[in-house]
Amino acid sequence: MDFPLPILPVRPKTRGRVTSLHLAMRLSFGQGPLPVMIRVLFRLIFALAISVSPRSGSAEPTASAEAGRFDLSCVSGGAPLVAPPSFDGRDRFYFATTDAAIHSFEADGRYRFTVTLKALPVGLLVREDGSFFVATADRQLLSFSSEGLLRFSMALLDIPRVGPFVVGPSRIGVLGTRGQLLVFSDNGTRLYTVRVSGAERAPVASGKLLWFETGQSELLVLEGAWRLNTLDAGGRVSLVGPLSGAALALRSTDLLRVTFSEAALLAPNVLFASGSSLGVGLVVEGPGGAQEFVWLDASGKRTRSEPLAGKARLAPAVGPELSWILLEDGRLQSVAAAGEGQLVVGPRDLPLALASGRRTLLGLFDKDRVCVLP
């Protein structure tokens, strides 16, 4: 992985001889206390001049905030990303790229490691402890430690199309190109295979239930290895996140609570929504057009709401401590689970998507550049 290095001025060698710069300073300023101070000032100016480097693969200039400042650091794996980055429990983030590599960085954007694979990665699943699973195009499911060391590999029965993803406690799954759901345990034991024809994306998991999108008005619901049901949601829907024993799906601006047997309206006028096992964040529009951020806990209970300072541009990045919303004017508004959030000036380039760890925000600014706001 190549990171461009800043080009620094070449300093002339001074050992054993006097350079023209030193000679000019001596002729002009002499050797007294005042000339010494002037020479020190020149050296400080020179040091400041070489400390400012052009944008590299690991840092960008800072941006001003309305209440303080934040640092914006950008990293790149040198190739387009397979999927948005994922966090572990320490806000370290990981992403797969199309040059058959997995990259990991600290929460502040410092480089950790790169794992080079033998085939193109299809997806990436990161655990809280930093261990991760990768599915590859040569029909392999690979398991790595938090330091990027290979633990074991498993052969897949089908070419992976989506995944790996969480299926249940200590279980992971992969969707194959022939519509097969392949389920494994964390230690590599193959458990079962189920045909879920029509599934297009990684499912939402809650307990023993899995919900799959089909790209139409139908949702597939799977319980365990055998019980499969098809639900008609009354229109094209997208899955948002899990609830306790249920899933959330967005149909136009209607938020639905989906169980194994039915899809019921939970909230209207929802513009954007995203969630995880910790809870769900919604951008809801009121009668006058004003928007607010609404936080639902894992059971679907409304626990927090806060008015937005403008119109939302993207789905919120939901984290356990901070959630972030990008506004149409480029500002970023955070909503804290406890205490007050903040409103900061956004970056120059508007991101394609946002993802949040506990307190770290990632923005995908183009196909191969990820920027961090710790």
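Pro164 lies in strand E12. The peptide bond that leads into this residue, from Gly163 to Pro164, is cis, with omega near 10 degrees. The model described here is a predicted one. Most residues other than glycine have a negative phi, and most peptide bonds are trans. The Gly163 to Pro164 bond, being cis, is thus one place to begin a reading of the backbone.

Strand E12 also leads to the interior of the chain. It spans residues 160-168 and is one of the strands that supply residues to the nonpolar core described next. The largest nonpolar core has 15 residues, and those with the most contacts inside it are Leu175, Leu181, Val196 and Phe212. At least two residues of this core come from each of strands E12, E14 (180-185), E15 (190-195), E17 (209-213) and E18 (218-223). The greatest contribution is that of E12, with 3 residues. In soluble globular proteins, nonpolar side chains tend to be buried together.

Phe212 offers a closer view of this core. With its neighbours within four places in sequence left aside, Phe212 is in contact with Leu175, Leu181 and Val196, and also with Ala199, Arg201, Pro203, Leu219, Leu220, Leu222 and Leu239. Three of the names in that list, Leu175, Leu181 and Val196, also appear with Phe212 among the residues that have the most contacts inside the core.

For the chain as a whole, the secondary structure comes to 2 helices and 33 strands. Of the 374 residues in the chain, 47% are buried. Among contacts with a separation of 6 or more, 37% join residues 24 or more positions apart.

A second region of interest surrounds strand E9, which covers residues 132-136 and includes Thr136. Thr136 counts as buried because its relative accessible area is 3%, under the 20% cut-off. Its side chain makes a polar contact, at 2.5 Å, with the side chain of Asp138. Apart from residues up to four places away in sequence, Thr136 touches Leu117, Ala119, Leu120, Pro121, Val122, Leu142 and Pro160. Pro160 in turn falls within the range of strand E12, residues 160-168.

The loop between E9 and strand E10 (140-144) holds Arg139. Although Arg139 is not a glycine, its phi is positive, at about 65 degrees. Arg139 counts as partly exposed because its relative accessibility is 39%, which lies between the 20% and 50% cut-offs. A positive phi of about 65 degrees is also found at Ala100, again not a glycine. Ala100 is placed in the loop between strand E5 (93-97) and strand E6 (101-105). Ala100, however, is buried, with a relative accessible area of 10%.

The last feature is an enclosed space. The count comes to 1 cavity of 30 Å³ or more, and the largest cavity holds about 70 Å³ of space. Its lining consists of Phe293, Trp295, Arg304, Gly319, Pro320, Glu321, Leu322, Ser323, Val335, Ala336 and Ala337. Two or more of the lining residues come from each of strand E26 (291-297), strand E28 (322-326) and strand E29 (332-336). By class, this lining has 7 nonpolar, 2 polar and 2 charged residues.

How values were computed. Residues numbered from 1 in each chain as written. Predicted model: local features only at pLDDT ≥ 70, side-chain atom pairs only at ≥ 80, totals over all residues. Heavy atoms only, no water. Core = buried A, V, L, I, M, F, W, Y, C linked by side-chain atoms within 4.5 Å. Buried < 20%, exposed > 50% of the residue type's maximum accessible area, 1.4 Å probe, protein only. Helix = DSSP H or I, 4+ residues; strand = E, 2+ residues; numbered from the N terminus. Contact = heavy atoms within 4.5 Å. 1 Å grid on protein atoms, 1.4 Å probe; cavity = no way out; pocket = protein on both sides within 12 Å on 5 of 7 lines; lining within 4 Å. Points joined across faces, edges and corners; volume = space filled by probe spheres on them. Nonpolar A, V, L, I, M, F, W, Y, C, P; charged D, E, K, R; others polar. Polar contact = N/O pair within 3.5 Å; in protein donor to acceptor, adjacent residues only side chain to side chain.
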